[in-house]
Amino acid sequence: MADVMYKQIADDLRARIVNGEFSPGEDVPTEAELAERWQTSRGPIRNALAELRHEGLIETTRGRPARVLDRKAQQAVDVSIPFTRWAREIGAAPGAVTHELSLRRADAERAALLEIAEGDPIVQVLRLRLLGGIPTMLERLCYTEAAGRVLFGVDLDAVSITEVLEAHGFGSHDVDHEIDAVAADELDARHLAIAEGSPVLRLHRVSRDGEGRTFEASEDRYRSDIVRFTVSASGRSRTGEHYVRALRGSS
């Protein structure tokens, strides 16, 4: 019963933060006020506040009420969660605008990532993702021909590409992620509605099927004023190498 209660309290406070009832910098009701409102003890209240703190929605300081943070969507990168599902989980409406779906010849870089021969056909997608109507992430998706061809004839603005691929036998059994920060190029600036040169978070992703075959090598670029990444991992990569490694040329 206590688990159900704290979830209900967290859901209520989350909705009030998302819809703007509680603005960034504003205090949320005190534990005593929330306990009275919900006719419960302080235990479920504290659990609810802890959940919102973990989501990056509030901060808590000893001796004062919790305060609403300037909201950044938080995404875990140690697991593969489709953007559409992730958006709904944080209470935001997902959106998509597809700008390109094309069949091309792989250059040397993409061929190496996909473990195919240079010049082999690949499918590329350029798609803008939105949270609550706000441009949030620009996807540069690249697939082997076998995987990518299932996307033709699909309304990519209305579906999760990850779920479409899974339905056609291209589930992500093993995924490598690499994160860095780069300056927005002209394409990023135009689609993400930011100034060229603004910092964006870049997520490289290589996905393999259950047989260990690479079928995706993509790059997502997120607005850093909207999204932040969280990682919870063992600190070891798929091949046993450390995730933390020296940059080329550093001593």
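Is Glu51 buried or exposed? At 17% relative accessibility, Glu51 counts as buried, because the cut-off for that word is under 20%. Before following that residue any further, keep in mind that this is a predicted model. The mean pLDDT of the chain is 85, and 86% of its residues reach 70 or more. Confidence peaks in helix α6, residues 145-148, at a mean of 97, and bottoms out in strand β3, residues 73-76, at 55. Where pLDDT is low, the predicted coordinates should not be read in detail, so go easy on β3, where confidence is lowest.

Back to Glu51, then. Its side chain meets that of Lys7 in a salt bridge, with 3.3 Å from N to O. Glu51 belongs to helix α3 and Lys7 to helix α1 (residues 2-18), so this pair ties together parts that sit 44 residues apart in sequence. The two partners are not equally covered: Glu51 is buried at 17%, while Lys7 is partly exposed, with a relative accessible area of 39%.

Stay on helix α1 for another pair. Here the side chains of Arg16 and Asp12 form a salt bridge, again listed at 3.3 Å from N to O. Both residues lie in α1, 4 residues apart, which is about one turn of the helix. Arg16 counts as buried, at 13% relative accessibility.

Now for the greasy side of this region. The largest nonpolar core has 18 residues, and Leu13, Ile17, Val28, Leu49 and Ile58 touch the most other members. Helices α1, α2 and α3 and strand β2 each give two or more residues to this core, and α1 gives the most, with 6 residues. To see how things come together here, click on Leu49. Leaving out its neighbours within four places in sequence, Leu49 is in contact with Leu13, Val28, Glu31, Leu34, Ile58 and Ala66. Separate from this core there is another one, of 13 residues, among them Ala87, Leu203, Tyr222 and Ile226.

Ile58 also leads into the hairpin. It stands opposite Val68 in β2. Strand β1 (residues 58-61) and strand β2 (residues 64-68) run antiparallel and are joined by 3 bridges. There are 2 residues between the strands, and Gly63 in the turn has a positive phi of about 90°.

Where else does a positive phi turn up in a residue that is not a glycine? Gln39 has one, at about 55°. Most residues other than glycine have a negative phi, which is a good reason to look at the spot. Gln39 is found in the loop between α2 (31-38) and α3 (42-54), and at 67% relative accessibility it counts as exposed. Glu115 is another such case, with a positive phi of about 60° although it is not a glycine. Its place is the loop between α5 (108-114) and β5 (121-131), and Glu115 is exposed as well, with a relative accessible area of 57%.

Next, a wider look at the charges. Side chains of opposite charge can pair when their charged atoms come close. The count for this model comes to 28 salt bridges. One of them links the side chains of Arg104 and Glu100, at 3.1 Å from N to O. Arg104 is partly exposed, at 41% relative accessibility, and Glu100 is partly exposed too, at 23%. Salt bridges that share partners also join Arg140, Asp185, Asp188, Glu219 and Arg221 into one network.

Finally, have a look at another acidic residue, Glu216, in strand β9 (residues 214-223). Glu216 is buried, with a relative accessible area of 5%. What does its side chain make polar contacts with? One contact, of 2.7 Å, is with the side chain of Ser207, and another, of 3.0 Å, is with the side chain of Ser218. Not counting residues up to four places away in sequence, Glu216 touches Leu114, Leu141, Cys142, Tyr143, Arg205, Val206 and Ser207. Ser207 thus appears both as a polar partner and in the wider list of residues that Glu216 touches.

Methods. Residues numbered from 1 in each chain as written. Predicted model: local features only at pLDDT ≥ 70, side-chain atom pairs only at ≥ 80, totals over all residues. Heavy atoms only, no water. Pairing = 2+ DSSP bridges. Buried < 20%, exposed > 50% of the residue type's maximum accessible area, 1.4 Å probe, protein only. Salt bridge = Lys/Arg side-chain N within 4 Å of Asp/Glu carboxyl O. Core = buried A, V, L, I, M, F, W, Y, C linked by side-chain atoms within 4.5 Å. Contact = heavy atoms within 4.5 Å. Polar contact = N/O pair within 3.5 Å; in protein donor to acceptor, adjacent residues only side chain to side chain. pLDDT = per-residue confidence, 0-100.
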